[in-house]
There are 2 protein chains.
Amino acid sequence: MSLNDRKIQILQAIINDYIETAEPVGSRTIAKKYNLGISSATIRNEMSDLEEMGFIMQPHASSGRIPSDLGYRLYVDHLMKKRELSLEEQGYLQSVISRDISQIDYLMEETARVISSLTNYTSFISEPVGQRARIKQIRLLPLDMVSVLLVIVTEDNFMKNHVIKLGVVPDEDKIFEIGMYLNRAFQGCALQQIGREVISRLQIQLGEYSELLRPILRALQATMDAAEKVQLHMSGARNILAFPEFSDISKAKSLFQTLEEKDVLVTLLEESKSNDLQVLIGSENTVQSMKDCSVITATYKLSDDTRGTIGIVGPTRMDYSQVISVLNGMVQNIEKVLRNLTDDNRDG
Amino acid sequence: MSLNDRKIQILQAIINDYIETAEPVGSRTIAKKYNLGISSATIRNEMSDLEEMGFIMQPHASSGRIPSDLGYRLYVDHLMKKRELSLEEQGYLQSVISRDISQIDYLMEETARVISSLTNYTSFISEPVGQRARIKQIRLLPLDMVSVLLVIVTEDNFMKNHVIKLGVVPDEDKIFEIGMYLNRAFQGCALQQIGREVISRLQIQLGEYSELLRPILRALQATMDAAEKVQLHMSGARNILAFPEFSDISKAKSLFQTLEEKDVLVTLLEESKSNDLQVLIGSENTVQSMKDCSVITATYKLSDDTRGTIGIVGPTRMDYSQVISVLNGMVQNIEKVLRNLTDDNRDG
DNA sequence: TGTTAGCACTCACTTAGCATGAGTGCTAAT
DNA sequence: ATTAGCACTCATGCTAAGTGAGTGCTAACA
């Protein structure tokens, strides 16, 4: 029993119909709707074969067939037509570019919003991450009568500011001087490299301002912790409720729970970072509450090792073709915007 | 017809029972469960009166009664017992304090999480906002070969960093010098005050680095825009699905939609900022999709004009007493943590 | 005059039974 | 190899009857 052309046509018809209607597809529907030139009885025989091969299944005896995860897999890998973005969709993507987006988190929010409103699935996006472990700049600034501001920037421009309250605030010159020293001491360092020796040398150097030592070390730790925690933006979670697959509230609830625990998503995005495009169908997902979902992710690159990921979650019955084209379009979009983000300041 | 003691007892019984069971309460239930020393027939008569007065209502003829919004209002204003936090709850709140919380957004996230897990409602919290319009510090730092870093801090320590890419990056001394000048020029300024004159003076001062002018002005604008946009953290949205009130998916969907549009919530929190505690019951809410919900908000203060708000959304049938005690406990908690947030660095 | 027992009535909810229709698998004819 | 025909399955929708929680009303009672 081989997967001949006709079987593939029928499988394709089943998948298309099921994606559209969310109802099990019967042989007669196919015979009427898709002009394959064969009768429903023949289709029935072929469907029986397709089921035996594991590409489709029956929710219950005497109902139509629905695609199995394996069926979707075949579809995604070989059958699916690459869809071009419609004008409307392109325009929508453009509208994100054209706006004056100057802050990365705002860009992330907007991107997630656009993807979910275009696809009607739940979308998420992680910020571009590269060389975070290494310190690029660490500076001390005057803030007010009781505190100073410590600014830490990592190699990939992830940055965090820390307010440090002091008993005695040094004068401006002294603050800058300490800042300079800190910078010389830590520039290029990974956190793990900061050993006893460096710390005690720093303590001596700080002299009467040695009370700065502990908050500085703590700020470094906090920055590195935060840097390791990938920022994730999500949008359109409510879309889940619109799909008949989740009309069972308890299912929707458990998926929501997973989505609220960002760790799971972060892991997922991290794992998919090495692939340009990744499609996980149903049971291919390792997370239990996502066994009925498909997750599609696409990776955007700023440089070889500075990457982020965008993705969507939806029912396995999803419009793979559309989602993939939207994600691809969006990857190009983000890469363009991110490249311009800082350049723009020059001539904008 | 007056609201005598017995009527109040009965109303209280109805509300208590309904909060617990989510089922309409009948006269016989009250007679059996609450020993008021009167028969179900008498209770029926009183209930009839209470309905006429608008405190309770029947979902349909020949069903038990449920409290009306007016009934809840009376309950919240006069009948409700102030509940103390249980040991378990107190412990839970403590667990948030005791952790090393050094970043304000992390504190916000954690607080929202704790509130929603204690109450099982959806919680949200806005960051403390005070004198944001006025610039406290504005500094320029070296970043790398092609860009400099502009740090802007407002009076209430809201801060934002901006990467500015340049054709020619000045040397460190020059960068600091320009930074000093910027700081002198803008310190204490509100954005609106920055007029032509200041700008042209700045341009002259920048001299060969006048390409800095536009990105700086843009960064100022962006910072002020972001400062005005109140940061909001939400948690436990999925809890909504657990309540029978929202077993109708379409209702849940429209509420989700509202919650995802943060603007609505921000407005809501802003409006309630002048009250220490605010309870909006059902139809008292102005937002359509929240007409079946109650919103409880509490305001925390760092100083007279630096405030933020925490709140929860749930079905009108909610445990007002518990929520209020949790929110009050949390307000104290936040105020304490925020006051310590920066001090901590001194001795921690 | 307030309270209570009793009774008729209402209405949501459940269950069972029946009809319907979409769909399958099998068989025999083409 | 294909197809028409037929028996069979099963989800779904509809109706009718039964159940039970609850009310309102009335008449009797303290």
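Let's start at the DNA. Around DNA strand D there are 19 residues, and R6(A), T42(A), S62(A), S27(B) and R65(B) come nearest. Sugar and phosphate make up 81% of the strand D atoms that come within 4 Å of the protein. Keep in mind that this is a predicted model.

Now some individual contacts. The side chain of R6(A) has an N or O atom 2.9 Å from a phosphate oxygen of DNA strand D. R44(A) goes to a base: an N or O atom of its side chain is 3.4 Å from a base oxygen of strand D. In chain B, a polar side-chain atom of R44(B) lies 3.2 Å from a base nitrogen of strand D.

Which elements give two or more residues to this surface? They are α3 (40-53) of chain A, plus α2 (27-33) and α3 (40-53) of chain B. The largest share, four residues, comes from α3(A). By type, the surface has four nonpolar, eleven polar and four charged residues.

Next, the aromatic rings. Over all chains, the structure holds eight aromatic pairs. One of them is Y121(A) with F243(A), stacked, at 5.3 Å centre to centre and 15° between the planes. Y121(A) sits in the loop between α6 (104-119) and β3 (122-126), and F243(A) in the loop between β7 (232-235) and α10 (249-260), 122 residues apart. Both Y121(A) and F243(A) are buried.

Over to chain B. Why is the pair Y121(B) and F243(B) stacked? Because the planes are at 15°, and under 30 degrees counts as stacked. Y121(B) is buried, at 6% relative accessibility. F243(B) is buried too, at 14%.

One last item: Y72(A), Y75(A) and Y320(A) form one aromatic cluster.

Conventions. Residues are numbered from 1 along each chain as its sequence is written. Chains are lettered from A and ligands numbered from 1 in the order in which they are written. This is a predicted model: local features need pLDDT of at least 70, side-chain atom pairs count only at pLDDT 80 or more; totals for chains, interfaces and linings use all residues. Side-chain values use heavy atoms; hydrogens and water are left out. Rings of Phe, Tyr and Trp (its six-membered ring) pair if their centres lie within 6.5 Å; planes under 30 degrees apart count as stacked, over 60 as edge-to-face and the rest as tilted. Buried means under 20% relative accessible area, exposed over 50%, partly exposed in between (1.4 Å probe, protein chains only). A residue is near a molecule or strand if one of its heavy atoms lies within 4 Å of it. A polar contact is a pair of N or O atoms within 3.5 Å; within protein, one must be able to donate a hydrogen and the other to accept it, and residues adjacent in sequence count only if both atoms are side-chain atoms. Ala, Val, Leu, Ile, Met, Phe, Trp, Tyr, Cys and Pro count as nonpolar, Asp, Glu, Lys and Arg as charged, and the others, Gly among them, as polar.
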